[in-house]
Every structure is written in C-alpha cells, then in structure tokens.
Amino acid sequence: MQKDDLLRLIHDPNLLPSDEQILISRIAGQAATMDMPCYVVGGFVRDLLLGKPVNDLDVIVEGDAIKFGRSLVKKFGGKLTTHDKFHTAIWHLPSTVLGQRLQPASLDLITARKESYLMPGALPTVTPSTIEDDLLRRDFTINCMAIRIDGAHFGELLDPLGGQADLEKGMIRVLHPRSFIDDPTRIFRAIRYEGRCDFNIEPETLALINSESLDGVMRLSGERIRHELDLIFEEANSSKMIQRAGNLGLFEKIHTDLPLFNPEYLDFLDMDPTLDIPASRPAIGYMFWLMDLMEDGIMSIAERLSFTSDLTYSVWAVSQLKKSLPFLINSRPSVWSYALEKLPLLSIYVVYLASRESALLDYLSIWRHVKPHTTGNDLKARGLPSGPRFGEILAQLRAAWLDGQVKNPQEEKELLNTLL
Ligand code: CTP
C-alpha cells in the first residue's frame, strides 16, 4: 500500500476517532524529539487495512518504553504504571492533552522485544530488541504489521511477513511450524479471526492443528482457556467459531466430558442479549453448551475452566430447571413462582429460549413482580406476633394474587381476615 493511501486511512475519522489521531500525533512528536523509532502495531494495523474501525492502540518503541512513558507524563501529565520485567508501561492519560479531551483512558507502551519459550505453553522470556524481532514473535502474518509514526517516518508500513497479501487473500497463517506448540491459545485465536473476518485458516497452518499442538491445549490453565472461550462468545459470529473449535477436536482436550455444542442452540449464541436482566454473552454461551449434561459433568467442567461460583451456579440452575420442566408443566403460577424464585433470572431466560415454555416468560415478565398490598408492618399493626407466620401469610397472599384467587385489595383484605 502507498504511503498516501495509508495516511488517508489513518486520517479517516470513521476508522480512527479524531481524539486518537491527535493522541498519536502527540506521541509521534515526542518520540521524534527523543530520536526513538515508534510504531503502532498488531490489531490496529490489521483493522485499519481492512477498512474497519480500530479498537486497540498499542504503541511500540525501539528503545526504553518506560523512559518514553516518563517523558510523556512529564510533557502531557497523567500517570505511569511500569512493568520493569517486561519493559512495558501503561500511561494513564490526563483528561486533556494540550487542551484536547482524549480517549482512551490508558495506553500500553511497549519496548520492541524478542521472546523465547523455555517450555511449550509457558509464558515467554522477554529481551529488548528491534521492531522486526517484535513482529516475528507474533501469532499470524495479518497481525505482524506495524506503522511507523515518529517524525518524518509517519505513515511508513512495515510488513516483513506478507501480512497485507494474506489480508487480501483472507488467510490466517502462522509464522513458523512451532507456533501453536509455543502458544496453544493461538489455536483459539486462529478460529476467532477466521470466523470474525470470514477468512480461512491457510492449509499448512490448519495441518499444524494436530495431535501434538492439541495436546498443548490439555496443558493450558483453566483461566487461559476460559479467557479464549469468553473472547469467542463475545464475537458476533460466535456460533460458527464454537462449531469450528469442536470440529477441530479442541473440546476433548479441554475436558473429556465437554460435548460438541448442540446445533439446535447455535442460533442463540448470535442473538443480542438485550434484556432487562443482567446478561453476558459468555454466560449465555456456557449455559447452552452445558445444560444437557449431568450434574457431575457440569461441576467437573466448571472446575476445569475455573468458572466463578456465580457462573457455576447459573449453569447448574439451567440444567436443573430444564430437567424439572416436565414436572412443572400445567402447574399453577404460584407453584412455578415458588420453583423459580431462587434461580438466577438469566438461567430461567435461557431455559425459556431452549424450551419455549411460556410460563417461564410469564414469570420473568409478570409473576416475579407480583406482590401483595399487605406488608409486614400491616401484620404487626394487626397484632401478629413476630415469627415464621409473617412470611407464610405474605406468601399465601402472593400466591392468591398469582393464581387469580384474589383480584383486588378488598379481596386480599378478606383473605387476610381468614388467615389471621
Ligand atoms: N499476540 C500473539 N499471540 C498471542 C496473543 C497476542 O502473537 N497469543 C499478538 C498479536 O500480534 C496481536 C497482539 O499480540 O495482534 C495483540 O493481542 P490482542 O490484543 O489479543 O489482539 P488484537 O490483534 O488486538 O486482536 P483483537 O481484535 O482480537 O483484540
């Protein structure tokens, strides 16, 4: 790509908000005064060349990123968090830079580095190096491009590994045959980029997803695997990715009981979970994935994937509710409500989606909000001594409303008289 075309993309406010353009030019100016080659890299360059709005802004310098960060703070304000071991810093931006309000709130500043893996799957050892080495340590050619931004170099594209050509061909290609063995999370990442951009994993790269690299998945920690699965569920196209991951044999390496995703539920993964109940796409994903398993299987997978206790409970609740539906069907609203009221709302909603049992939707939209007019204070005022009867009477009044035995406050009062 010509420098002019790249500059046009960088200056397109639909791809890069003007806030970030200003921020980049300030950083570029500072890098130039320090004679420090400075680049934006990775997803930023990939998305820009694809004509997509960019999300992440990662800045790499050939030199000391911590020293560079300190100079930015001195000139523009804000704060710096440093990670000496990794030669990186996070610049917590001031609310304005030279009078301009800026997004994002913080920025990663990274020293160009070389990485070596002492053990497959372990985190790599890091030593400062050149931008070329930094690009060589990465996952796929499409992520191995950089744009230089300091001074007169602003807008020079570095593409030593043919990333642009692979973007045009729609190919996900690793840089070397040991890539997935060094870092098995890259298998998940390949699947994610393939599904997100409607690309293909290049045939030789695909062949590297074999028993040796898949065994590496087996050794990954639960947290790392779940992070990758969460990222997949967060994607708009996650149903395609989760199917692909299953077909490539990833799931049995994560846990022997982890099933393929039931195709009947795939469409639910891509829906927009805008509800009046708190929902996260990954939580919905795990609920559909595991709902038809037995309790033991769910618990064991939850442990392997380091689920939080809330997530484990929500997934368990889905499976229990689904199994008890046959016993609840045709029950009175008060019986449904009693069975549902301790369960997470999202679990109930997921079982509704899977079963289309209308009582579940009635509960979520109407029944759970039904309350008697009588309060505990009213019962006290009528001389009821404190004790479990309070709760029982209020529950009976509520059940009467739910089941239509009471339709107005007068009828509630009459029922209350019979209960006291
Ligand atoms: N990277 C890598 N191997 C990994 C994780 C990350 O090589 N296991 C590299 C890639 O070059 C990637 C960069 O680190 O571009 C930043 O990682 P991340 O923020 O996860 O990816 P993005 O490219 O920003 O992609 P996304 O849009 O998915 O966030």
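Reader: Which residue just after α2 takes a positive phi?
Author: That is D35, with a phi of about 60°. This is a predicted model, in which local features need pLDDT of at least 70, side-chain atom pairs count only at pLDDT 80 or more, and totals for chains, interfaces and linings use all residues. Residues are numbered from 1 along each chain as its sequence is written, and side-chain values use heavy atoms, leaving out hydrogens and water.

Reader: Why is α2 called a helix?
Author: A helix is a DSSP run of H or I with at least four residues, and α2 (residues 18-33) has 16, so the name applies.

Reader: How do you know what span to expect for α2?
Author: The rule is 1.5 Å times one less than the number of residues. For α2 this gives 22 Å, and the reach from first C-alpha to last, 23 Å, is close to that.

Reader: Which residues of α2 are buried?
Author: Among them are I22, L23, I24 and I27; buried means under 20% relative accessible area (1.4 Å probe, protein chains only).

Reader: What makes D56 a polar contact of the ligand?
Author: One of the polar side-chain atoms of D56 lies 2.7 Å from a ligand oxygen. The cut-off for a pair of N or O atoms is within 3.5 Å, so this pair qualifies. R196 also places a polar side-chain atom 2.7 Å from a ligand oxygen, while a backbone N or O atom of G43 lies 3.3 Å from one.

Reader: Which helix gives the most to the shell around the ligand?
Author: Happily, a short answer: α8, with 6 residues.

Notes. Helix = DSSP H or I, 4+ residues; strand = E, 2+ residues; numbered from the N terminus. Buried < 20%, exposed > 50% of the residue type's maximum accessible area, 1.4 Å probe, protein only. Polar contact = N/O pair within 3.5 Å; in protein donor to acceptor, adjacent residues only side chain to side chain.
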